[in-house]
Amino acid sequence: MPELPEVETVRRGLIPALEGARLTRVEQRRPDLRFPLPARFAERLKGARIERLDRRAKYLLGRLDTGETWVTHLGMTGRFTVGGEQPGQFHYDAGADPRHTHLVLHTGAGAVVGFNDARRFGYMDLIPTAELDTHPWFTGLGPEPLSDAFGVETLAAAFAGRRQNVKATLLDQRVVAGLGNIYVSEALHRARLHPDTPAGALKPAQVRRLVEAIKVVLAEAIAAGGSTLRDYRSAEGALGYFQHRFRVYGREEEPCLRDRCRGVVRRSVHAGRSTFFCPACQR
Ligand SMILES: [Zn+2]
């Protein structure tokens, strides 16, 4: 499942084709994805100009000049293909099976952007921009981890008195937005913190390490994603590219990569979710 860095990579890949573009033709090929698409979806998109392409947590936000925001969640297998004569330098044919292309956007500049989703766990909606913050998908979302709003004070306040373990607490989207299993495991390893530690028991210096670790692992993954943009094949392909950079995620029984640590990466499963950590250097 794409996490925040993958969604950010998709956003950056789409900007040359979509930001500032007017949608001159919209082909909607089915009434629903994971959820029904909104009424008159294609009609409401057609003619609109995408003023900005933003991201909030794992949602892509196309700010339209109609006062609505086109919201996309990629789900498990959702991905965009970009073709046509778009002005940017990126071209993804993605090897996508055209039977799973559910929406095709044509821009005035000649770009053709498809949304392809084999499993259809992705979803889209058109939401009045003024109501976005109070929409159920966005209300209560915590700060963006890479923004200045997410820092030592905010995380320490969210952790205070909390007996829930730090891993589960970081997965709580009200504490910080957009973190999933992969980058929580990576950040805890980088910060040398055991995932089972109660969040409220962390010392100020540990919270500081954790905030820095979260920002660094996300920034590194986004940088890695950026370098894959030209060679983007699929969400899975992009994730696969990031995979070799993971220090604990997916590395069960392999040696810890921390300098001078002789530990072996372990996996624990809780509520169906895997946590990867090194018991020797994460305490
Ligand atoms: Zn270790």
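Modeller: Two strands pair if DSSP finds at least two bridges between them. Keep that in mind for the sheet in this model, which is predicted.

Biologist: In what sense do strand β2 and β3 pair, and over how many bridges?

Modeller: β2, residues 50-56, and β3 pair in the antiparallel sense, with 6 bridges. One of the partnerships is that of Arg-56 with Tyr-59 in β3. The hairpin of β2 and β3 has 2 residues between the strands, and Ala-57 there takes a positive phi near 50 degrees.

Biologist: Which way does β3 run relative to strand β4, and how many bridges join them?

Modeller: β3 and β4, the latter covering residues 68-73, run antiparallel and are joined by 5 bridges. Leu-60 has Thr-72 of β4 as its bridge partner. In this hairpin there are 3 residues between the strands, and Gly-67 has a positive phi near 90 degrees.

Biologist: How should I read the side chains of a strand? Which residues point one way from β3, and which the other way?

Modeller: In a regular strand, side chains alternate between the two faces of the sheet. For β3, Tyr-59, Leu-61 and Arg-63 point one way, while Leu-60, Gly-62 and Leu-64 point the other way. All of these are buried. β3 spans residues 59-64, and the count of buried residues is 6 of 6.

Biologist: Now helices. How far does helix α1 reach from its first C-alpha to its last, and what is expected?

Modeller: The expected figure comes from a rise of 1.5 Å a residue. α1, residues 4-18, has 15 residues and reaches 20 Å, close to the expected 21 Å.

Biologist: How many residues of α1 are buried?

Modeller: For the general idea, an α-helix has 3.6 residues a turn, so residues three or four places apart point the same way. In α1, 12 of the 15 residues are buried, and the helix is mostly covered. Among them are Leu-4, Val-7, Val-10, Arg-11, Leu-14 and Leu-18. Just after α1, Gly-20 has a positive phi of about 85 degrees.

Biologist: How many residues of helix α5 are buried?

Modeller: α5, residues 181-190, has 9 of its 10 residues buried. The buried set includes Ile-182, Tyr-183, Glu-186 and His-189. Arg-192 follows α5 and has a positive phi near 60 degrees.

Biologist: Loops next. Where is Ala-21 found?

Modeller: Ala-21 lies in the loop between α1 and β1, the latter being residues 23-28. Its relative accessibility is 10%, so Ala-21 counts as buried. Not counting residues up to four places away in sequence, Ala-21 touches Ala-48, Arg-49, Ile-50 and Thr-107. Its C-alpha is separated by 7.0 Å from that of Ala-109, 88 residues apart along the chain.

Biologist: Is Asp-172 buried or exposed?

Modeller: Asp-172 has a relative accessible area of 11%, and it is therefore buried. The residue sits in the loop between α4 (166-171) and α5. The C-alpha atoms of Asp-172 and Gly-142 are separated by 8.6 Å, with their positions 30 residues apart along the chain.

Biologist: Which residues is Gln-206 in contact with, leaving aside its neighbours within four places in sequence?

Modeller: Gln-206 is in contact with Leu-193 and Ala-201. Gln-206 is in helix α6, residues 204-228, and it is buried because its relative accessible area is 16%, where the cut-off is under 20%.

Biologist: Which residues coordinate the zinc ion?

Modeller: The approach is to list the donor atoms, then check the angles. The donors are the SG atoms of Cys-256, Cys-261, Cys-278 and Cys-281, at 2.3 Å. Angles of 105 to 116 degrees among the 4 donor atoms make the site tetrahedral. The spacing in sequence is C-x4-C-x16-C-x2-C. Of these, Cys-261 and Cys-278 link distant parts of the chain, 17 residues apart: Cys-261 is in the loop between α7 (235-243) and β9 (266-270), and Cys-278 is in the segment after β10 (273-277). Cys-261 counts as buried because its relative accessibility is 17%. Cys-278, at 0%, also counts as buried.

Biologist: Last, confidence. What pLDDT does the chain average?

Modeller: The chain averages 89, and 89% of the residues score at least 70. Residues 87-91 have a pLDDT below 50, and this stretch has 15 contacts in the model beyond near neighbours in sequence. Residues 232-243 are also below 50, with 25 such contacts.

Notes
Residues are numbered from 1 along each chain as its sequence is written. This is a predicted model: local features need pLDDT of at least 70, side-chain atom pairs count only at pLDDT 80 or more; totals for chains, interfaces and linings use all residues. Side-chain values use heavy atoms; hydrogens and water are left out. Buried means under 20% relative accessible area, exposed over 50%, partly exposed in between (1.4 Å probe, protein chains only). Helices (H or I, at least four residues) and strands (E, at least two) are DSSP runs, numbered from the N terminus. The expected span of a helix is 1.5 Å times one less than its number of residues. Donors are N, O and S atoms within 2.8 Å of the metal (3.2 Å for Na, K and Ca); water is not among the atoms, so sites may look incomplete. Four donors count as tetrahedral if all angles lie between 85 and 135 degrees; four count as square planar and six as octahedral if opposite donors are over 155 degrees apart and all others between 65 and 115; anything else is irregular. pLDDT is the predictor's confidence in each residue, from 0 to 100. Contact means heavy atoms within 4.5 Å.
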